[in-house]
Amino acid sequence: MKYQAVYETVTPETYIHLRVSSGLSSKTMEAAVTGLKNSVCCVVIIDTENNNQPVGMGRIIGDGACHCQVVDICVLPDHQKKGLGKLIMQKLKDFIDEHLPVSCYISLIADGEAFKLYEIYDFKEVWPKSRGMAFLKAF
Ligand SMILES: CC(C)(COP(=O)(O)OP(=O)(O)OC[C@H]1O[C@@H](n2cnc3c(N)ncnc32)[C@H](O)[C@@H]1OP(=O)(O)O)[C@@H](O)C(=O)NCCC(=O)NCCS
């Protein structure tokens, strides 16, 4: 198979590259260094036919028991629509099933149409019981 999903923390440089090249916002190098160290779980997709280049990733962050969040789900444009988003989510779901307590609240914010991907893995809209909110220090 051309692609492989592995549990591995990406380098800060790769993290920023994957985010920005996929259309997500950038992060400072300092933020990436600190943030990646605090990951609960990190999955990277490597292209085994191209020097194991990372082409996608996803992370779970949080306290690892009571509250966690799925973040940084992205796939480089040239590799999208080939099932890699699903491969990332399946690997994160496997981690959730194996390592997080059943009482863990695992949330995410879905951009654009990405909710269709998360629905496949049983994430449900919380509205109207709850309302997702965010505080953005800078736009
Ligand atoms: C979201 C993203 C990771 C999906 O990656 P992908 O490799 O193209 O996804 P897949 O090929 O595994 O397919 C995703 C599934 O979700 C559905 N889907 C439909 N529109 C979609 C969309 N715009 N985005 C994601 N999934 C979509 C697809 O139908 C597909 O299911 P199907 O094969 O059963 O039809 C990718 O589009 C991406 O990196 N987008 C930019 C970054 C981003 O917005 N990330 C999400 C932040 S919340």
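This is a short tour of a predicted model, with stops at the ligand and at a pair of aromatic rings.

**Stop 1: the ligand and its surroundings.** Select the ligand and show the residues around it. You should find 21 residues in this shell, and the closest are I73, V75, K81, G83 and K86. Now colour the shell by residue class: eleven residues are nonpolar, four are polar and six are charged.

**Stop 2: where the shell comes from.** Switch to the cartoon view. Strand β4 (67-75) and the helices α3 and α4 (115-120) each contribute at least two residues to the shell. Which element supplies the largest share? It is α4, with four residues.

**Stop 3: polar contacts.** Zoom in on the ligand's oxygen atoms. Select K86 to begin: an N or O atom of its side chain is 2.7 Å from a ligand oxygen. Next pick G83, where a backbone N or O atom lies 2.8 Å from an oxygen atom of the ligand. Then add K82, which has a polar backbone atom 3.3 Å from a ligand oxygen. Before you move on, show the ligand's surface: on its own it exposes 870 Å², and the protein buries 71% of that.

**Stop 4: two rings.** Finally, select Y7 and F95. This model has one aromatic pair, and here it is: the ring centres are 6.5 Å apart, and the planes meet at 55°, making the pair tilted. Y7 sits in strand β1 (residues 3-7) and F95 in helix α3 (residues 84-99), so the pair links parts 88 residues apart in sequence. Are these two residues buried or exposed? F95 is buried, at 14% relative accessible area, while Y7 is partly exposed, at 39%.

Terms used:
Residues numbered from 1 in each chain as written. Predicted model: local features only at pLDDT ≥ 70, side-chain atom pairs only at ≥ 80, totals over all residues. Heavy atoms only, no water. Phe/Tyr/Trp six-rings, centres within 6.5 Å; stacked < 30°, edge-to-face > 60°. Buried < 20%, exposed > 50% of the residue type's maximum accessible area, 1.4 Å probe, protein only. Near = heavy atom within 4 Å. Polar contact = N/O pair within 3.5 Å; in protein donor to acceptor, adjacent residues only side chain to side chain. Areas by Shrake-Rupley, 256 points an atom, 1.4 Å probe, with all protein chains shown as cover. Nonpolar A, V, L, I, M, F, W, Y, C, P; charged D, E, K, R; others polar.
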